[in-house]
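Biologist: I'm new to protein models and would like a close look at the packed inside of this one. Please walk me through the parts that are tucked away, and tell me what each term means as we go.

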Amino acid sequence: MADEKKYHWLIGSPPPFIDRHSQTKHAIVEEYVRQYILTLMAPAHIPELKLSIIDGFCGGGCYRTEADGLADGSPILMMRAAREARMLLNENRRMPRRINVDYYFVDILSDTTNHLRYWLDARHSENAFDLEDYQKVEIITNGFLSQLPSLIQKIKLRKGGERALFVLDQYSYKDVPLPEMGSVMRNLKGAEIIMTFNVDNLITYLSDRAENRKALENIGLDAYIPWAEIKQIKAEREWRQILQRYLAHGIKQETGAKFMTLFFVKPHGTNSWGYWLIHLSNTYRAHAVMKSLHWEHATEFGHELESGIFVLGYDANKDSLYTGQQTFEFAGEESREACIEGVREYVGQTVFQLDKPTRLGDLFENCVTNSTAAEPHLMESVGRLHSSKDVVIVSKEGAKKRANTQYNLSDIIEPRRQTSIFKFKDD
């Protein structure tokens, strides 16, 4: 649900303004839906994709921009993404492949959902999206959490259609309890969640008071906060980073997601980070697609943890690992280099600690959530490690590979049987 003071829609009145970083967030969602569909339909023999898209805080469908124009909201953008994917998949094909999407657009205010219906009708008359998508839209006036059990049930009853993408652009971190998100991830075999989380607001006012504790308890994060140490932590120079680790760890644990991307959206014209854009999934490929989009929109995202592999949670005995970090921004060669080198060191240490043949895909799956790296960076880090002659890499068929050739997730990596610096590095 949008902040009612900031975002209010009423037919006949101008729509609310949208700022630049929110437009970037919408662009990420639109592009992810398009890439999501194309990735799932990559095997050419699949005739149909059944998918449910749930926009739990959908808004009224359009906004005014800083240039005083009009911009479509997330419901229209996701329907447009489905159209684009459909066109790309069926180009030059005699037998069309179906993209069969059910849309559920949910908002608690009737003025908002009425405006969304009005705007969808207007955009339909302008041919902004395909008729088959327009006919499969269900607009629901209700609170998202109240509607969630019914939505899960509808999706489960859809034969062959448990793939579901939840887009939750709520204004307050209090609006989406994480145990409920865990229920989504457990109960729907193909569920993914894209959600915003106002972490800056949360940690700024976090203190060991009953009101704070109750708010965190309500969303499932109370048990992950070291309440007795809050004052001491906030006296530290790196207090923001420390608290972020606790919260990030709690989000991943409570939702049960195997993979998570969690990066700040950078508001334009201010030094404040604002909020996280979080993606939760249980498949490596979905995670890889989202991570690549963060790098494509490099100037709009960042985080305050390590550039290579970072650690969720906090251990005072390893405090030196967490201090002195510069804010990581995706833009620029320096950030890219720091990311690749950090991953190279991690992969080297891990390979020698395991001391056995290991699939690259398995190595990547174990570290990607705790890294800024997209798959190309992971592959380049492996290439650099391979060039050092500390490791051997072979194809799944057993053919030995040369350094810096094309690697595959199915390739096998193992230590070269000689002394290496990685054998003696501390954890």
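Modeller: Sure, here's a tour of the buried parts, starting with the nonpolar cores. What you're looking at is a predicted model, with local features needing pLDDT of at least 70 and side-chain atom pairs counting only at pLDDT 80 or more, while totals for chains, interfaces and linings use all residues. Residues are numbered from 1 along each chain as its sequence is written, and side-chain values use heavy atoms, leaving out hydrogens and water.

The largest nonpolar core holds 50 residues. By that I mean a set of buried Ala, Val, Leu, Ile, Met, Phe, Trp, Tyr and Cys residues joined through side-chain atoms within 4.5 Å, where buried is under 20% relative accessible area, exposed is over 50%, and partly exposed is in between (1.4 Å probe, protein chains only). Phe166, Phe197 and Trp276 touch the most other members. Helix α10 (residues 239–255) gives this core its largest share, 6 residues; helices (H or I, at least four residues) and strands (E, at least two) are DSSP runs, numbered from the N terminus. Apart from this core lies another, of 40 residues, including Met41, Met79, Tyr103 and Phe129.

Now zoom in on Phe166. Skipping residues up to four places away in sequence, its contacts (heavy atoms within 4.5 Å) include Ile54, Phe144, Leu148, Val184 and Ile194.

Next, find Val101 in strand β4 (residues 98–107). Val101 has 0% relative accessibility, so it counts as buried. Neighbours within four places aside, Val101 is in contact with Leu51, Ile53, Asp133, Lys136 and Arg158. Lys50 sits 51 residues away along the chain, yet its C-alpha is 5.9 Å from that of Val101.

Asn212, in helix α8 (residues 210–218), is buried too, at a relative accessible area of 10%. Again ignoring residues up to four places away, Asn212 touches Tyr205, Leu206, Ser207 and Trp227.

Whole helices can be tucked away as well. In α1 (residues 20–40), 15 of the 21 residues are buried, and its end C-alphas are 30 Å apart, close to the 30 Å expected (1.5 Å times one less than the number of residues). Helix α2 (residues 74–90) is mostly covered, with 13 of its 17 residues buried, and its end C-alpha atoms lie 24 Å apart, in agreement with the expected 24 Å. Just after α2, look for Asn92, which takes a positive phi of about 60°.
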